[in-house]
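Biologist: Before we discuss this protein, could we look at the sequence and the structure together and then go through the charged pairs, the helix packing and the sheet in turn?

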Amino acid sequence: MAGPRAYLDYNASAPLLPAARAAVVAALEVTANPSSVHSEGRAARKIIEDARRDVAALVGAKPEHVVLTSGATEAATTLLSPDWRMGRGAVRMSRLYVTEADHPCVLNGGRFPADRVTRIGVDANGIVDLAALEAALAVHDKSEGLPLVAIHAANNETGVIQPMRAIAELVKAAGGVLVLDAVQAVGRIPLDMSEGYADYLILSSHKIGGPKGAGAIVGQADLMMPAPLVSGGGQEKGHRGGTENLPAIAGFGAAARAALAGLAETNEVRAMRGRLEETVLRLVPDAEIFGKAVERLANTTFFAIPGVKAETAQIAFDLAGVALSAGSACSSGKVGPSHVLKAMGFADNLGALRVSIGRQTSEADVEKFETALAALLSRRTDRTRAA
C-alpha cells in the first residue's frame, strides 16, 4: 500500500519525541563524566539531576528516591531480589508473588529461585484474583522473611488496569512490599507515589517517547533497597554502579516532562481507540476484544479474528504499511501463543493482534488500519469461497 506507514505499536516502543531527541543530541555534546568534580563534570551531573526531577514529577515522587537504570528489565531484576538492606542491616524477602499475566521480566522471578516464586491467577478479564492473593499472603511464613509482591499496573498486551489500591491494601495488611510494573501505565494514567499505593515503581523511557536504554526504580523512600544488581563506583548512591548513560537519561527526562503535560489528552486517544474498535466489530462482528468489560488503558486494543492466525494477519498488515503486534514484542520478535490470554483462560492456540496508539497517532493512521483490515478480511472470504 502506497503512502506513509502507520505505526500502531506504541506499547512495544513509542516514537521518539522531538523534545527527547533534542535532549539526547545536546547531551552528546557534553563530554565529561558526571562523577567528575570539575566544571564540565558538574554540567553533566546537572543534566542527570534535572532528568531525575522530571521522572520523579511524573509519578509524584521525590527525586532522591529515583534510581536510574538501563531500562525496565534491569529495574525489575534489581527489585526482584531476596536480599535487601536497610541501612547497614540485612532484610530478607523470602518469597515473590507475581501474576500469571505479568510481563516476562517480572514473571520470570528476577533473582528469586523458581521454588520461591508463587504465581497468582487472573480472571477472564485479566484482573488479578484478589482472593487468591490474600489467601497466599495469609499463609506466608514471616519467620523466613517478608513477602514481596510484584504486579503490573496495566497489562502490556490487553491494556487492562489492575486494582492497584486493593492490591496495596492486601500487601500492606500482610506486612509485605509491593512493586508495581508501571511501564505501560506511566504517562497514560495518573500515577502519584504520594498516595501510597506502591512501595516501588518500575519505569521505562522508550515507552513514553524517550530513547531506549534508560529506565528507573522509583521508591516511596530509599531507606530499604535491594542489594545492587550492578555494583561498581558507587553511582546512584550505591544502588546502581556504572557511569550513567547521559544522553539516554537526558532524553528520558524530556519524555517524562512531555508525558506529564500530555495526561490531559487521554480522552482524545480513547476516542481514536473507540473508532478502531468500532471498525473491528463492524467488519468482524464475532471478533473478541479482550478486557473490554473492565478499565483499560485508553490507547490499547487487543483482539482476535476467528479463523485468522495472528502471525498471518500481522504480516498482512505489515505489507499493507501498518505496524502492529501479535501479542507483546518482548521475545526477540518471536510470535507465539500469548501467555496473557492463556492466563485469562483462553485457548493456547488463540492468536490475537495488539493495536497500541498515542498522541501522535493521526486520522490517516486509523484510516490505513481500516483499509488494511478490510483487505485482509476480503482475502479470507475469497479463500473460504474457493474452498
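Biologist: This is a predicted model, and I would like to begin with Arg119; into which accessibility class does Arg119 fall?

Modeller: Buried residues lie under 20% relative accessible area and exposed ones over 50%. Because Arg119 has a relative accessibility of 43%, which lies between those limits, the class is partly exposed.

Biologist: With which residue does Arg119 form a salt bridge, and how many residues apart in sequence are the parts that the pair ties together?

Modeller: The partner of Arg119 is Glu100, and the closest N and O atoms of this salt bridge are 3.8 Å apart. Glu100, at 30% relative accessibility, counts as partly exposed. Since Glu100 lies in the loop between β4 (89-99) and α4 (104-107), whereas Arg119 belongs to strand β5 (residues 117-120), the pair ties together parts whose separation in sequence is 19 residues.

Biologist: Which helices are linked by the salt bridge between Glu367 and Arg275?

Modeller: The side chains of Glu367 and Arg275 meet at 4.0 Å, N to O. Glu367 is partly exposed at 41% relative accessible area, and Arg275 is partly exposed at 25%. The two residues are 92 residues apart, so that the pair links distant parts of the chain, namely helix α11 (residues 363-386) and helix α8.

Biologist: Is Arg52, which forms a salt bridge with Glu49, buried or exposed?

Modeller: The closest N and O atoms of Arg52 and Glu49 are 2.9 Å apart, and both residues lie in helix α2, three residues apart, about one turn of the helix. Glu49 is partly exposed, with 25% relative accessible area. Because the relative accessibility of Arg52 is 7%, and the limit for the buried class is under 20%, Arg52 is buried.

Biologist: Which residues are linked with Arg52 and Glu49 in a network of salt bridges?

Modeller: The structure holds 22 salt bridges, and the pair formed by Arg52 and Glu49 belongs to a network of them. The other members of that network are Arg45, Glu236 and Glu244.

Biologist: Helix α2 also packs against helix α7; how many nonpolar residues does the contact of α2 with α7 have?

Modeller: Helix α2 (residues 39-58) and helix α7 (residues 246-262) pack at an angle of about 35°, with their axes 8 Å apart, and α2 passes α7 in a left-handed crossing. On the α2 side the contact includes Ile47, Ile48 and Val55, which meet a set of α7 residues including Ile249, Phe252 and Leu260. By class, the contact has one polar residue and two charged residues, and the number of nonpolar residues is 14.

Biologist: Turning to the sheet, which strands are its edge strands?

Modeller: The open sheet has three strands in the order β11-β12-β14, with antiparallel pairing. β11 and strand β12 (residues 300-304) pair over two bridges, and Ile289 stands opposite Phe303 in β12. The edge strands, each of which pairs on one side only, are β11 (288-289) and β14 (353-356).

Biologist: Which helix packs on this sheet?

Modeller: The helix in question touches β11, β12 and β14, and its direction makes about 10° with that of β12. The helix spans residues 266-283 and is α8.

Biologist: Finally, how many residues of helix α3 are buried?

Modeller: Helix α3 (residues 72-79) is mostly covered, and among its buried residues are Glu74, Thr77, Thr78 and Leu79. Of the eight residues in α3, the number that are buried is seven.

Technical notes: Residues numbered from 1 in each chain as written. Predicted model: local features only at pLDDT ≥ 70, side-chain atom pairs only at ≥ 80, totals over all residues. Heavy atoms only, no water. Pairing = 2+ DSSP bridges. Helix = DSSP H or I, 4+ residues; strand = E, 2+ residues; numbered from the N terminus. Contact = heavy atoms within 4.5 Å. Axes fitted to C-alpha atoms, helices over the stretch in contact; angles between N-to-C directions. Left-handed = near helix turned anticlockwise from the far one by under 90°. Nonpolar A, V, L, I, M, F, W, Y, C, P; charged D, E, K, R; others polar. Buried < 20%, exposed > 50% of the residue type's maximum accessible area, 1.4 Å probe, protein only.
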